[in-house]
Amino acid sequence: MRYTTNKGNLYAVLLDTPMSQTLTIPGLILPKNAKITMLGAKGKLEWQQYGQNLFVTLPDMSTVKKSPAYTLKISQIPLS
């Protein structure tokens, strides 16, 4: 996974097709009002914060166009 920022958003780039529908990002803490979307997929993604681990429920990957990388857009820069 690689990260970049642009215009107040954090982008997490997944460098391969996710193997499960839940993605764990250790060490990423989000504010409660953060919104996560996957570029190329419809709608917001559900997420939960457990301590310093972020758990994101990904969309059904069969509904997302196959790509060598997938990008999550996080609407708020993490707190830490």
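Two strands pair if DSSP finds at least two bridges between them. Strand 3 and strand 7 meet this rule, because five bridges join them. The two strands run antiparallel. The model described here is predicted.

The overall make-up of the chain comes next. The protein chain has zero helices and eight strands. From the N terminus on, its elements run β-β-β-β-β-β-β-β. For 80 residues, a compact globule would have a radius of gyration near 12 Å. The protein chain has 12 Å, so the value agrees with that of a compact globule. Along the principal axes, the C-alpha atoms fill a box of roughly 30 × 25 × 20 Å. Of the 80 residues, 35% count as buried. The chain exposes about 5,300 Å². Carbon and sulfur atoms supply 54% of this area. Contacts with a separation of 6 or more were also examined. Residues 24 or more positions apart account for 63% of them.

Five strands form an open sheet. Their order is 1-2-8-4-5, and the pairing is antiparallel. The edge strands are strand 1 (2-6) and strand 5 (44-45). Each of these pairs on one side only. Strand 1 is joined to strand 2 by five bridges, and the two run antiparallel. One residue of this pairing is Thr5, whose bridge partner in strand 2 is Leu10.

Leu10 is found in strand 2, which covers residues 9-14. Its relative accessibility is 7%, so Leu10 counts as buried. Leu10 and Leu72 are 62 residues apart in sequence. In space, their C-alpha atoms are 8.2 Å apart. Leu10 is also among the residues in contact with Leu72, once neighbours within four places in sequence are left aside. The other contacts of Leu72 on that count are Tyr11, Ala12, Leu23, Ile36, Thr37, Met38, Leu45 and Leu58.

Thr71 lies in strand 8. Thr71 has a relative accessible area of 17%, which means that it is buried. Residues up to four places away in sequence are not counted in its contacts. On that basis, Thr71 touches Tyr11, Ala12, Val13, Thr37, Met38 and Leu39.

Nonpolar residues were then grouped into cores. In soluble globular proteins, nonpolar side chains tend to be buried together. The largest nonpolar core of the model has 20 residues. Those with the most contacts inside it are Leu30, Ile36, Met38, Leu54, Val56 and Leu72. Several strands each supply at least two residues of this core. They are strand 2, strand 3 (22-26), strand 4 (36-38), strand 7 (53-57) and strand 8 (70-74).

Strand 7 has two faces. Leu54 and Val56 make up the covered face. Asn53, Phe55 and Thr57 make up the uncovered one. Phe55 has a relative accessibility of 26%, so it counts as partly exposed. Phe55 also takes part in the pairing with strand 3, as the bridge partner of Thr24.

Strand 7 pairs with strand 6 as well. Strand 6 (residues 47-50) and strand 7 are antiparallel and share four bridges. Together they form a hairpin, with two residues between the strands. Gly51 in the turn has a positive phi of about 60°. Tyr50 stands opposite Asn53 of strand 7.

Aromatic rings were examined last in this region. A pair of aromatic rings is described by the distance of the centres and the angle of the planes. The count comes to one aromatic pair. Tyr50 and Phe55 form this pair. Their ring centres are 5.5 Å apart, and the angle between the planes is 70°. Planes over 60 degrees apart count as edge-to-face, so the pair of Tyr50 and Phe55 is edge-to-face.

One loop residue completes the description. Pro31 is found in the loop between strand 3 and strand 4. With a relative accessible area of 16%, Pro31 is buried, because the cut-off for buried is under 20%. Pro31 and Gln49 are 18 residues apart in sequence. Their C-alpha atoms are 9.3 Å apart in space.

Terms used. Residues are numbered from 1 along each chain as its sequence is written. Side-chain values use heavy atoms; hydrogens and water are left out. Rings of Phe, Tyr and Trp (its six-membered ring) pair if their centres lie within 6.5 Å; planes under 30 degrees apart count as stacked, over 60 as edge-to-face and the rest as tilted. Buried means under 20% relative accessible area, exposed over 50%, partly exposed in between (1.4 Å probe, protein chains only). A nonpolar core is a set of buried Ala, Val, Leu, Ile, Met, Phe, Trp, Tyr and Cys residues joined through side-chain atoms within 4.5 Å. Contact means heavy atoms within 4.5 Å. The radius of gyration is taken over C-alpha atoms; the globule rule is 2.2 Å times the number of residues to the power 0.38. Accessible areas come from the Shrake-Rupley method with a 1.4 Å probe; for residues, only the protein chains shown count as cover.
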